[in-house]
Amino acid sequence: MTAAASPDVQRVGARIGVFGGAFDPPHNAHLALAKAALKQFGLDALYIIPTGQAWHKSRELIAPRHRLAMTRLAFEDMLRVVVDDRELQRAGPTFTIDTLRALQAENPQARLYLFIGADQFAAFRQWNRWEEILELAIICIADRAQSTLAQAQFEAYPEYSKHFFKLQLPLMPVSATQIRQMMASGVATAEAIASLVPEPVARYISLHQLYSSR
Ligand code: ATP
């Protein structure tokens, strides 16, 4: 595990955020979401967790070491953020519920907040043991251009209405797919994607020639 800071989360009522993703690559919307999460929910710590081979992504992700390195670079300057590689260490498919259970066991006094984009929320009922996730964590959802949040989606969980919050974040149309496609099609140089990813990530992509032959 790498810590950009060493947040003290052992006290009663500490708030721990959890933000998972393929981060293939991490991009500016991920950073904006993390900043908004820390601020809006007054988090004591935010765990950024690159996923292993996520069960819901059929595409093969690039090597874990690259995604971890880029995630560390992307978040290195953000206070109270911990880049945590536990899911990359786990063999087989990774499930959010297992990570939440582990974090709760490590921090029994803390309250967990799980951050996801609206595209993930749309498929939330397909997540492994989603009811257990709702029992364990507050779910905070960021709107996404391609998958706009609708009130009806919240109403689909009447018994859990107090378990959901909307993250206040302006729509950011960037996606990792778009960045990979730009690189693969050759229409974009590393400079061109520099407006979509943090600068050290753009440099890393260029140095390791990621995505260009895919
Ligand atoms: P891909 O295009 O490969 O599916 P992605 O851009 O969605 O990737 P992920 O690493 O899969 O990036 O996303 C991690 C989390 O961040 C998910 O919960 C996703 O919904 C959220 N997220 C990603 N991009 C945005 C965005 N532009 N606005 C809001 N949330 C986002």
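Here are three short exercises, with worked solutions, on a predicted model.

**Exercise 1: two helices**

Work out how helix H2 (residues 64–75) and helix H10 (residues 199–207) are oriented to each other, and which residues meet.

*Solution.* Start with the axes: those of H2 and H10 come within 8 Å and cross at roughly 155°. Angles over 145 degrees count as roughly antiparallel, and therefore H2 and H10 are roughly antiparallel to each other. Next comes the handedness: the crossing of H2 past H10 is right-handed. Now list the contacts. H2 contributes Arg65, His66, Ala69, Met70, Leu73 and Ala74, while H10 contributes Pro200, Val201, Tyr204 and Ile205. Sorted by character, the residues of this contact give 8 nonpolar, 1 polar and 1 charged.

**Exercise 2: the buried side of a helix**

Find which residues of helix H4 (residues 96–106) are buried, and what covers them.

*Solution.* First, pick out the buried residues of H4: Ile97, Thr99, Leu100, Leu103 and Gln104. Then look around the axis: these residues span an arc of only 160°, so they sit on the same side of H4. Finally, see what lies over them. The cover includes strands S2 (15–21), S3 (45–50), S5 (111–117) and S6 (137–142), along with helices H3 (86–89) and H6 (130–136).

**Exercise 3: a glycine in a strand**

Is Gly117 buried or exposed, and which residues does Gly117 contact beyond its neighbours within four places in sequence?

*Solution.* Place the residue first: Gly117 belongs to strand S5. Its relative accessibility is 13%; the cut-off for buried is under 20%, so Gly117 counts as buried. With those sequence neighbours set aside, Gly117 touches Ile141 and Ala142. As a last distance check, Gln181 is 64 residues from Gly117 along the chain, and their C-alpha atoms are separated by 20 Å.

Methods: Residues numbered from 1 in each chain as written. Predicted model: local features only at pLDDT ≥ 70, side-chain atom pairs only at ≥ 80, totals over all residues. Heavy atoms only, no water. Axes fitted to C-alpha atoms, helices over the stretch in contact; angles between N-to-C directions. Helix = DSSP H or I, 4+ residues; strand = E, 2+ residues; numbered from the N terminus. Parallel < 35°, antiparallel > 145°, perpendicular 65-115°, else oblique. Left-handed = near helix turned anticlockwise from the far one by under 90°. Contact = heavy atoms within 4.5 Å. Nonpolar A, V, L, I, M, F, W, Y, C, P; charged D, E, K, R; others polar. Buried < 20%, exposed > 50% of the residue type's maximum accessible area, 1.4 Å probe, protein only. Arc of directions from axis to C-beta.
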